[in-house]
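The exercises below are meant to be worked through with the sequence and the structure side by side. Try each task before reading the solution that follows it.

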Amino acid sequence: MAKKLIDLIDISKSYGNKLILDDMNLYMNENRFLTLLGPSGCGKTTTLRIIGGFETPDTGRVIFDGKDITQLPPNERQLNTVFQKYALFPHMTIEENIAFGLKIKKKSRAYIKDKIKYALKLVNLDGYEKRMPDSLSGGQQQRIAIARAIVNEPKVLLLDEPLGALDLKLRQDMQYELIRLKNELGITFIYVTHDQEEALTMSDTIVVMNQGYIQQIGTPEDIYNEPQNAFVADFIGESNIIDSVMLEDKLVEILGTRFPCVDVGFGRNQPVDVVIRPEDIVLTEPSDGILQGRVLSGIFKGVHYEMEVEANGFVWLVHSTVLKEPGTQVGIWVDPFNIQIMNKPESEDEEVEVRE
Amino acid sequence: MRKLGARILAGPYMIWMLVFTIIPLLLILYNAFTNTGGQFTLGNVAAIADPVNAGPLWLSLKMSVAVTGICLILAFPLALILRQISSDKNSFIVMIFILPMWMNFMLRTLAWRLILLNNGFLNQALNIMDMDPIYLMNTKTAVILGTAYDYFPFMVLPIYNALVKIDRDVIQAAQDLGAGDWVILGRIILPLSIPGIVSGITMVLVPSMSEFVIASMLGGGKVYMIGNVIEQAFNSGYADTHLGCGLSLSLMGLIIISMIAYYFFDRGGEGSALW
């Protein structure tokens, strides 16, 4: 049974008239890699800053390791933050940057020296002790920022889009580096990003947020394969989201055509949203498909071709390793298991009642 | 063609520099190293070491250090407050502190006269509160107060400019690593504002050292600074232009030395915002 480390209870926060977080409840378990994922303005960074102590919620409480820390200033919290723009101290050497937190805690000189050595080794930057931050590349600075945070042995490391400013290749390398660090250190990572790929790659748990509400909490596989609503389906990966009617258990009518599916319990003749991932659509000979359509366009994307297929008045997005020339008549077939049925939300930003 | 055009545009400035800076400077050099008979001498330049002149120079130095110290002690906390205010997007209050710089300097000094005169505002106020009057007029204290007031903005703005450049994240990172307010002030804010402090010190120390108008207006002739000595050398009944030039040159030498120190520290160019 994992231990509950951080518990956010009924958190609300607004700036002026703008409501950022509305009555949010979320808990985080020990030794997990938890990612807050969402578009800008969804409240993910505010959530992180509330945990870090840089913002105070208007209402609600922050419980850390059983203690209420809602009013505790950042310097008295047992967690450390890695900032988006590194925020290294520009007038100090790498060594002094890393030692900063330890000196405040009045650690011995020998202890600090060992820790610096250990931390630099951990982030693969041995020998950089005497360098100044501005002589390092962005990726190196970010790793120093991580080293500076982890030498304090926080129970939780908060990361605010730490890879946002790095280029693609470096970002991918750093993703693996972060996973390795988390496993070696055995501490909780709370990671904020708007990059769904990053979230899917690194996380144990993803919290998808939009407009101050939690949309879905789950493992990367859950989030990707079984999005709870159209927002999540749309935000995570590419998808075909279609207004449909659930006729009865295991039978859904999509664009006037009946498709067998595996979902039950939605009732009879109930309007629903259907999500079908582009890679789950199989293009067949017209006679073998459930629907018949015509290829509009095909683009080579590297791993696969991306095609648009018009069928029953809807343009389907299809990913396949085999290209069908534009103009070709094709059949569309979908495995019942790959049809994801979602209740229609009552409003745009309805909260989904799901907990980890 | 572009180059030629640029040269033509720079022309008026070149003429200005030549007529009003380079030629006068050469004249000062010539006068400084010659006597009234036109013969070469080092006497005018060396005259700074004469106790008659060295006394006022030493006084000027002490007073300008005092002025700079007062400005620094008042300006740093104010700049911190202004930084806080400007981060709340209230530039109007910042503006209020810049505004006095645009007011005539004579007027500002005259205002101090009215405050410090024996029956001025200060003593009237003290009288109302039934306290003993303070006679500050025509003292060093009056000159120091007036000079500090006049040069105060030159201290505030460079420090303020250095402070607003400090990234909010850097301060929050220090907080995150366990630093309290005093540690943040001492180990983050202060070291990062040093270029601004150096700029401010230079911009207050240098002009206040050669100041003579304020000394005349608030010192009433009793406070005799090196600026007054030089002024006397040019304007008094027994004027000696050569001596004045020599003393000016020596003073300039001192100022150049402090400017070198200034360029050494002020790489960020906080002072440039003033000009």
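## Exercise 1: Backbone angles in chain A

A:Asp10 is placed in strand β1 of chain A, which covers residues 4–15. The coordinates belong to a predicted model, and the tasks should be read with that in mind.

Task. Describe the phi angle of A:Asp10, and decide whether this residue is buried, partly exposed or exposed.

Solution. Begin with the backbone: A:Asp10 is not a glycine, and yet its phi is positive, at about 50 degrees. Next, turn to the surface, where the relative accessibility of A:Asp10 is 34%. Since buried means under 20% and exposed means over 50%, A:Asp10 counts as partly exposed.

Task. Carry out the steps again for A:Tyr86, stating where it lies, what its phi is and how accessible it is.

Solution. A:Tyr86 belongs to the loop between β6 (79–82) and α2 of chain A. Its phi is positive, about 65 degrees, although A:Tyr86 is not a glycine. With a relative accessibility of 11%, A:Tyr86 counts as buried.

## Exercise 2: Chain A as a whole

Task. Summarise the secondary structure of chain A, its extent, its burial and its contacts along the sequence.

Solution. Start with the elements, which come to eight helices and 20 strands in chain A. The C-alpha trace of chain A, followed along its principal axes, spans about 75 × 45 × 40 Å. Of the 356 residues in chain A, 51% are buried. Finally, consider the contacts in chain A between residues at least 6 apart in sequence: 66% of these join residues that are at least 24 apart.

Task. What share of the accessible surface of chain A belongs to carbon and sulfur atoms, and how far apart are the mean positions of its positive and negative charges?

Solution. The accessible surface of chain A comes to about 16,300 Å², and carbon and sulfur atoms account for 47% of it. Chain A has 38 positive and 54 negative charges, and the mean positions of these two groups are 12 Å apart.

## Exercise 3: Salt bridges

Task. Find the salt-bridge partner of A:Arg49, and then the network to which A:Arg49 belongs.

Solution. Side chains of opposite charge can pair when their charged atoms come close. A:Arg49 forms a salt bridge with A:Glu55, and their closest N and O atoms are 3.2 Å apart. Both partners count as buried, A:Arg49 at 12% relative accessibility and A:Glu55 at 15%. Widening the view, A:Lys13, A:Arg49, A:Glu55 and A:Asp58 are linked in a network of salt bridges.

Task. Locate the two partners of the salt bridge between A:Lys155 and A:Asp65, and state how many residues apart they are.

Solution. In this salt bridge the N to O distance between the side chains of A:Lys155 and A:Asp65 is 2.5 Å. The pair links distant parts of the chain, 90 residues apart: A:Lys155 is in the loop between α4 (138–150) and β7 (156–160) of chain A, and A:Asp65 is in the loop between β4 (59–64) and β5 (67–68) of chain A. A:Lys155 counts as partly exposed at 33% relative accessibility, and A:Asp65 counts as partly exposed at 21%.

Task. Describe the accessibility of A:Lys121 and of A:Asp126, whose side chains meet in a salt bridge.

Solution. The N to O distance in the salt bridge between A:Lys121 and A:Asp126 is 3.8 Å. A:Lys121 is exposed, at 57% relative accessibility, while A:Asp126 is partly exposed, at 44%. Over all chains, the count comes to 19 salt bridges.

## Exercise 4: Two residues of chain B

Task. Place B:Phe20 in its helix and in its surface patch.

Solution. B:Phe20 is found in helix α1 of chain B, residues 2–32, and is exposed, with a relative accessible area of 53%. B:Phe20 is part of a nonpolar surface patch, whose members, including B:Trp16 and B:Ile23, have about 1,200 Å² of accessible area together.

Task. Is B:Met137 buried or exposed, and which residues does it touch?

Solution. B:Met137 is found in the loop between α6 (121–128) and α7 (140–164) of chain B. At 11% relative accessibility, B:Met137 counts as buried. Leaving out residues up to four places away in sequence, B:Met137 touches B:Arg113, B:Leu116, B:Leu117, B:Asn118, B:Ala142, B:Met217 and B:Leu218.

Definitions and conventions:
Residues are numbered from 1 along each chain as its sequence is written. Chains are lettered from A and ligands numbered from 1 in the order in which they are written. This is a predicted model: local features need pLDDT of at least 70, side-chain atom pairs count only at pLDDT 80 or more; totals for chains, interfaces and linings use all residues. Side-chain values use heavy atoms; hydrogens and water are left out. Patches are made of residues with over 30% relative accessible area and no salt bridge: like charges are joined within 9 Å, nonpolar side chains (Val, Leu, Ile, Met, Phe, Trp, Tyr) within 5 Å. Accessible areas come from the Shrake-Rupley method with a 1.4 Å probe; for residues, only the protein chains shown count as cover. A salt bridge is a side-chain nitrogen of Lys or Arg within 4 Å of a carboxyl oxygen of Asp or Glu. Helices (H or I, at least four residues) and strands (E, at least two) are DSSP runs, numbered from the N terminus. Buried means under 20% relative accessible area, exposed over 50%, partly exposed in between (1.4 Å probe, protein chains only). Contact means heavy atoms within 4.5 Å. Lys and Arg count as positive and Asp and Glu as negative; His and the chain ends are not counted. The place of a charge is taken as NZ of Lys, CZ of Arg, CG of Asp or CD of Glu.
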